[in-house]
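Please read the following account alongside the sequence and the coordinates. It proceeds from one strand pairing to the overall fold, and then to the core and the ligand.

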Amino acid sequence: MMFSTARLILRPPNAEDLARLFAIYGDPATNQFNPAGPLADIHRAEALLEGWLEHWNANGYGQWAIASRDAPEHIIGFGGIALYNYLDVERLNLGYRFDSAAWGKGYATELGSAALTFAFNELNAEQVFALVRPSHRASIGVLEKIGMQRIDVLDDVPGQPQSLVFKANRDS
Ligand SMILES: CC(C)(COP(=O)(O)OP(=O)(O)OC[C@H]1O[C@@H](n2cnc3c(N)ncnc32)[C@H](O)[C@@H]1OP(=O)(O)O)[C@@H](O)C(=O)NCCC(=O)NCCS
């Protein structure tokens with residue numbers, strides 16, 4: 001199912017998104033804070049997309065492909081709500097990665113806010129979580145702007161500072 005926000009179109013990804021996925025996830029700029037770094041080749045992008053499509057098939061929701069309403073055919077990022085296992089439990093996790101050309105316009109905030117609404121209203125979720133590297137001020141700012149609160153830390157990158165765990169509650 002497709003969703004739209006004031007400026008964005010959010011739709012399920014498909015096989016034709018592979019080139020844009022690799023362009024965005026293979027770009028060092030979009031992975032500056034990702035300890036794993038950019039995707040090394042298109043095969044990794046294929047595997048990532050395959051995993052997303054499996055998640056959609058199994059759950060009926062997952063990462064969206066994101067376009068602006070002005071240019072609906074051009075994917076500017078990927079993000080949304082997906083199941084992710086950390087701190088011992090499978091959680092509804094909010095994630096996002098936008099093409100650097102689309103940064104600084106409030107798109108991540110708009111996507112994040114829509115994703116929380118989707119999780120609470122459509123999935124009937126009680127809580128949504130997000131993980132962020134502690135030095136990633138822009139992404140922390142997004143999570144704060146959409147009303148998420150820091151609740152914990154996670155030792156997910158050996159030898160490096162812990163990631164921050166954020167949470168939003170349905171009723172807050
Ligand atoms: C992080 C990211 C999602 C932000 O997307 P965006 O659409 O530019 O975000 P928004 O415009 O909605 O909000 C970003 C906020 O961070 C602020 N910001 C941007 N760069 C910053 C920096 N270096 N330090 C502090 N704040 C910064 C912006 O000013 C803005 O806050 P404001 O609205 O109060 O001015 C985007 O840069 C991205 O996709 N990066 C690559 C992937 C990634 O890191 N994903 C997150 C993994 S946790």
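**From a hairpin to the ligand shell**

Tyr-84 stands opposite Arg-91, a residue of strand 5. The model in which this pair is found is a predicted one. The pair belongs to an antiparallel arrangement of strand 4 and strand 5, held by 10 bridges. Strand 4 spans residues 71–86, and strand 5 spans residues 89–98.

The turn of this hairpin merits attention. Two residues separate strand 4 from strand 5. Leu-87 lies in the loop between these strands, and its phi is near 50°, a positive value in a residue other than glycine. Asp-88 is found in the loop between strand 4 and strand 5 as well, with a phi near 75°, again positive in a residue other than glycine. How exposed are the two residues? Leu-87 has 13 C-beta neighbours inside 10 Å and therefore counts as partly exposed. Asp-88 has 6 such neighbours inside 10 Å, so it counts as exposed.

Strand 4 also has a partner in strand 3. Strand 3, residues 63–68, runs antiparallel to strand 4, and six bridges join the two. They too form a hairpin with two residues between them. Within this pairing, Ser-68 stands opposite Ala-71 of strand 4. Strand 3 pairs in addition with strand 2 (residues 8–11), in the antiparallel sense and over four bridges. Here Ser-68 of strand 3 is the bridge partner of Leu-8. Ser-68 thus has a bridge partner in strand 2, Leu-8, and stands opposite Ala-71 in strand 4. Strand 3 is mostly covered, with five of its six residues buried.

These strands belong to a protein with four helices and eight strands. Read from the N terminus, the order of elements is β-β-α-α-β-β-β-α-β-α-β-β. The radius of gyration is 15 Å, close to the 16 Å that the globule rule gives for 172 residues, so the protein is as compact as a globular protein of that length. Its C-alpha atoms fill a box of roughly 40 × 40 × 35 Å along the principal axes. Among contacts with a separation of 6 or more, 54% link residues 24 or more positions apart. Buried residues amount to 34% of the 172 in the protein.

Which residues touch the most other members of the largest nonpolar core? They are Ile-66, Ile-81, Leu-111, Ala-115, Val-128 and Ala-130, in a core of 44 residues. Helix 3 supplies the largest share of this core, eight residues. In soluble globular proteins, nonpolar side chains tend to be buried together. Ile-66 illustrates the contacts made at this core: beyond its neighbours within four places in sequence, Ile-66 is in contact with Leu-8, Leu-10, Ile-75, Ile-76, Gly-77, Phe-78, Gly-79 and Leu-111.

Helix 1 has buried residues of its own, namely Arg-20, Leu-21, Phe-22 and Ile-24. They pack against helix 2 (42–59), strand 4 and strand 5.

Two asparagines in loops show a contrasting environment. Asn-14 lies in the loop between strand 2 and helix 1 (18–25). Because 12 other C-beta atoms lie within 10 Å of its own, Asn-14 is exposed. Its C-alpha atom is separated by 24 Å from that of Asn-85, 71 residues apart along the chain. Asn-124 occupies the loop between helix 3 and strand 6 (127–132). With 8 other C-beta atoms within 10 Å, Asn-124 is likewise exposed. Asn-124 and Ala-67 are 57 residues apart in sequence, and 26 Å lie between their C-alpha atoms.

Finally, the ligand has 19 residues around it, of which Trp-103, Ala-108, Thr-109, Arg-137 and Ala-138 come nearest. Strand 5, helix 3 (107–121) and helix 4 (137–145) are the elements that give two or more residues to this shell. Which element gives the most? Helix 4 does, with five residues. By residue class, the shell divides into nine nonpolar, seven polar and three charged. Strand 5 thus both pairs with strand 4 and contributes to the shell around the ligand. Helix 3, for its part, gives residues to the ligand shell and the largest share to the nonpolar core.

How values were computed
Residues numbered from 1 in each chain as written. Predicted model: local features only at pLDDT ≥ 70, side-chain atom pairs only at ≥ 80, totals over all residues. Near = placed C-beta within 6 Å. Nonpolar A, V, L, I, M, F, W, Y, C, P; charged D, E, K, R; others polar. Rg over C-alpha atoms; globule rule 2.2 N^0.38 Å. Buried ≥ 20, exposed ≤ 12 C-beta atoms within 10 Å, placed from the backbone. Contact = placed C-beta atoms within 7 Å. Core = buried A, V, L, I, M, F, W, Y, C linked by C-beta atoms within 7 Å. Pairing = 2+ DSSP bridges.
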